[in-house]
Amino acid sequence: NKSPHFAKSNRISVGYCSSDSWSGTRDNSSETFGWKFQGHHIVQAVIKDLIQNYGMAEADEVVFGGCSAGGRGSIYNLDTVCG
């Protein structure tokens, strides 16, 4: 039994890899103790790729979320996704 609400939907998953709740925009420096925090840029690149290569611009609805730090990061990036 397929859900009639999501039968024609697509789903992507981006593994959490930025250690900054998808919110960072900083290169490594002494202020960041040599760490890079690029999570926001990763989200921007994923959204750009989905729009340019997978037709996301034609979507009627987008469900955007995550769990744990990724969930918090989805809140931080709502303006970018809904843009």
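So, the nonpolar core. The largest one in this predicted model has 6 residues: Trp22, Val43, Ile47, Leu50, Met56 and Val81. Where does the largest share of this core come from? From helix 1, which gives 3 residues. As a bit of background, nonpolar side chains in soluble globular proteins tend to be buried together.

Let's stay with one core member, methionine 56. Leaving out residues up to four places away in sequence, Met56 touches Ile47, Leu50, Ile51, Val62 and Val81.

Now to helix 1 itself. It covers residues 39-54, so 16 residues, and at 1.5 Å a residue you'd expect a span of 22 Å. The end C-alpha atoms sit 21 Å apart, which agrees. Which residues of helix 1 are buried? Those are Gly39, His40, Val43, Ile47 and Leu50. If you look down the axis, these buried residues fall within an arc of 110°, so they line one face of the helix. Why would a pattern like that come about? Well, an α-helix has 3.6 residues a turn, so residues three or four places apart point the same way.

And the face turned away from the buried side? There you'll find Lys48 and Gln52, both exposed. Back on the buried side, helix 3, residues 78-82, is included in what covers the buried residues of helix 1. Right after helix 1 comes glycine 55, and its phi is positive, near 75°.

Okay, on to two serines with an odd backbone angle. Serine 19 isn't a glycine, yet it has a positive phi of about 55°. You'll find serine 19 in the segment before helix 1. Is serine 19 buried or exposed? Its relative accessibility is 58%, so it counts as exposed. The other one is serine 68, also not a glycine, and its phi is positive too, at about 55°. Serine 68 sits in the loop between helix 1 and helix 2, which is residues 69-76. With a relative accessible area of 70%, serine 68 is exposed.

Now go one step back from serine 19, to serine 18, in the segment before helix 1. Serine 18 has a relative accessible area of 7%, so this one is buried. Its side chain makes a polar contact with the side chain of aspartate 20, at 2.4 Å. Not counting residues up to four places away in sequence, serine 18 touches Phe37, Gly39 and Ile42. Remember Gly39? That's one of the buried residues of helix 1.

There's one more polar residue to show you: threonine 32, again in the segment before helix 1. Threonine 32 counts as buried, at 8% relative accessibility. What does its side chain reach at 3.0 Å? The backbone nitrogen of serine 29. A polar atom of that threonine 32 side chain also lies 2.7 Å from the backbone oxygen of tryptophan 35. As for touching neighbours, with residues up to four places away in sequence left out, threonine 32 has Arg26, Asp27 and Phe37. Phe37 should sound familiar, as serine 18 touches Phe37 as well.

Last thing, confidence. The mean pLDDT of the chain is 90, and 99% of the residues reach 70 or more. Where is confidence lowest, and where is it highest? The lowest is helix 3, with a mean of 88, and the highest is helix 1, at 95.

Notes:
Residues numbered from 1 in each chain as written. Predicted model: local features only at pLDDT ≥ 70, side-chain atom pairs only at ≥ 80, totals over all residues. Heavy atoms only, no water. Helix = DSSP H or I, 4+ residues; strand = E, 2+ residues; numbered from the N terminus. Expected span 1.5 Å × (residues − 1). Buried < 20%, exposed > 50% of the residue type's maximum accessible area, 1.4 Å probe, protein only. Arc of directions from axis to C-beta. Contact = heavy atoms within 4.5 Å. Core = buried A, V, L, I, M, F, W, Y, C linked by side-chain atoms within 4.5 Å. pLDDT = per-residue confidence, 0-100. Polar contact = N/O pair within 3.5 Å; in protein donor to acceptor, adjacent residues only side chain to side chain.
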